[in-house]
Every structure is written in C-alpha cells, then in structure tokens.
Amino acid sequence: MPSATLIPATVGVLVGAAVGTVFFHALAVAARLTLAGRVRRALPLHALRLGGVVAVFTLTTIHAGVPALLGLLAGFQIPRGAAMRRLGKAP
C-alpha cells in the first residue's frame, strides 16, 4: 500500500512536468517575439506565463499540501533541463 505522501508527490511530479513544458515553450516563443521586435505581443505572454505558474503553485499548496508542492517543484525542473539541452547549453 503506497504511503499517503507518495501519491500526491507523484501526481505533483507529473503535473509539474506538464506545467514546466508549457512554461518553457511559452518562454521560447516570447523570447523569439522579443528578438523580432514584437514586444507588445511578448509582454502579455510573459504575464500569462508567470501568472499561470504562480496560480498552479499556489493552488497546489492550498489544496494538496507540501508533498504535492515538492513533487511539482521537482517535475517543473525536468523540462528545464530538456530545454537547455535543446539549446545546446548544459543545465
């Protein structure tokens, strides 16, 4: 029988990986827009990206507790490493 903290932490890792993937993809799109001189399109994307992550982390903390939050933090870092490798930089 899994412990009471293992299931929320595992779900947190999966949700964190999904949120991290969306976050870093949106960051790449916003960076491309900014470099192309389309800052007015990039700023709302930055705000949405940051606001979404803050909302997910806050709601996870309130409703699921510390094990899920730690899993979410760990899962959020997985796509970061993949994004850095894709850009040719070490994580």
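1. F76 sits in helix α3, which covers residues 66-87. The model is a predicted one, and the remarks that follow should be read with that in mind. F76 counts as buried because its relative accessibility is 10%, and the cut-off for buried is under 20%.

2. Which residues does F76 touch, once those up to four places away in sequence are set aside? The list is G16, A17, V19, G20, F23, F24, V53 and F57. Of these, G20 is placed in helix α1, while V53 and F57 are among the α2 residues that meet α3. F76 and F23 are 53 residues apart along the chain, yet 8.9 Å separates their C-alpha atoms.

3. G20 belongs to helix α1, and the range of that helix is residues 6-35. Is G20 buried or exposed? With a relative accessibility of 0%, G20 counts as buried. Leaving out neighbours within four places in sequence, the contacts of G20 are F76 and P79. L70 is not in that list; the C-alpha atoms of G20 and L70 are 14 Å apart, with their positions 50 residues apart along the chain.

4. The packing of α2 against α3 deserves its own point. Helix α2 runs over residues 39-64, and its axis lies 7 Å from that of α3, at an angle of about 150 degrees. The two helices are therefore roughly antiparallel, since angles over 145 degrees are classed that way. From α2, the residues V53, V56, F57, T60, T61 and A64 take part; from α3, the partners are V66, A68, L69, L72, L73 and F76.

5. T60 is one of the α2 residues that meet α3. T60 has a relative accessibility of 16% and so counts as buried. Apart from residues up to four places away in sequence, T60 touches G65, A68, L69 and L72. Three of those names, A68, L69 and L72, also appear on the α3 side of the α2 and α3 packing.

6. G52 lies in helix α2 as well, but G52 is partly exposed, with a relative accessible area of 31%. The C-alpha atoms of G52 and V66 are separated by 19 Å, and the two residues are 14 apart along the chain. V66 is named among the α3 residues that meet α2, whereas G52 is not among the α2 residues named there.

7. On the surface, I7, V11 and V15 make up a nonpolar patch, and together they have about 240 Å² of accessible area. V15 is found in helix α1. V15 counts as partly exposed because its relative accessibility is 36%, which falls between the limits of 20% and 50%.

8. For the chain as a whole, there are three helices and zero strands, and the order from the N terminus is α-α-α. The C-alpha trace spans about 55 × 30 × 15 Å along its principal axes. How much of the chain is buried? Of its 91 residues, 26% count as buried, F76, G20 and T60 being in that class.

9. Two further totals complete the note. The chain exposes about 6100 Å², and carbon and sulfur atoms supply 74% of that area. Among contacts between residues at least 6 apart in sequence, 55% join residues at least 24 apart. The contact of F76 with G20 is an example of a contact between helices α3 and α1, and it is listed for both residues.

Technical notes:
Residues numbered from 1 in each chain as written. Predicted model: local features only at pLDDT ≥ 70, side-chain atom pairs only at ≥ 80, totals over all residues. Heavy atoms only, no water. Helix = DSSP H or I, 4+ residues; strand = E, 2+ residues; numbered from the N terminus. Buried < 20%, exposed > 50% of the residue type's maximum accessible area, 1.4 Å probe, protein only. Contact = heavy atoms within 4.5 Å. Patch = residues over 30% accessible without salt bridge, like charges linked within 9 Å, V, L, I, M, F, W, Y side chains within 5 Å. Areas by Shrake-Rupley, 256 points an atom, 1.4 Å probe, with all protein chains shown as cover. Salt bridge = Lys/Arg side-chain N within 4 Å of Asp/Glu carboxyl O. Axes fitted to C-alpha atoms, helices over the stretch in contact; angles between N-to-C directions. Parallel < 35°, antiparallel > 145°, perpendicular 65-115°, else oblique.
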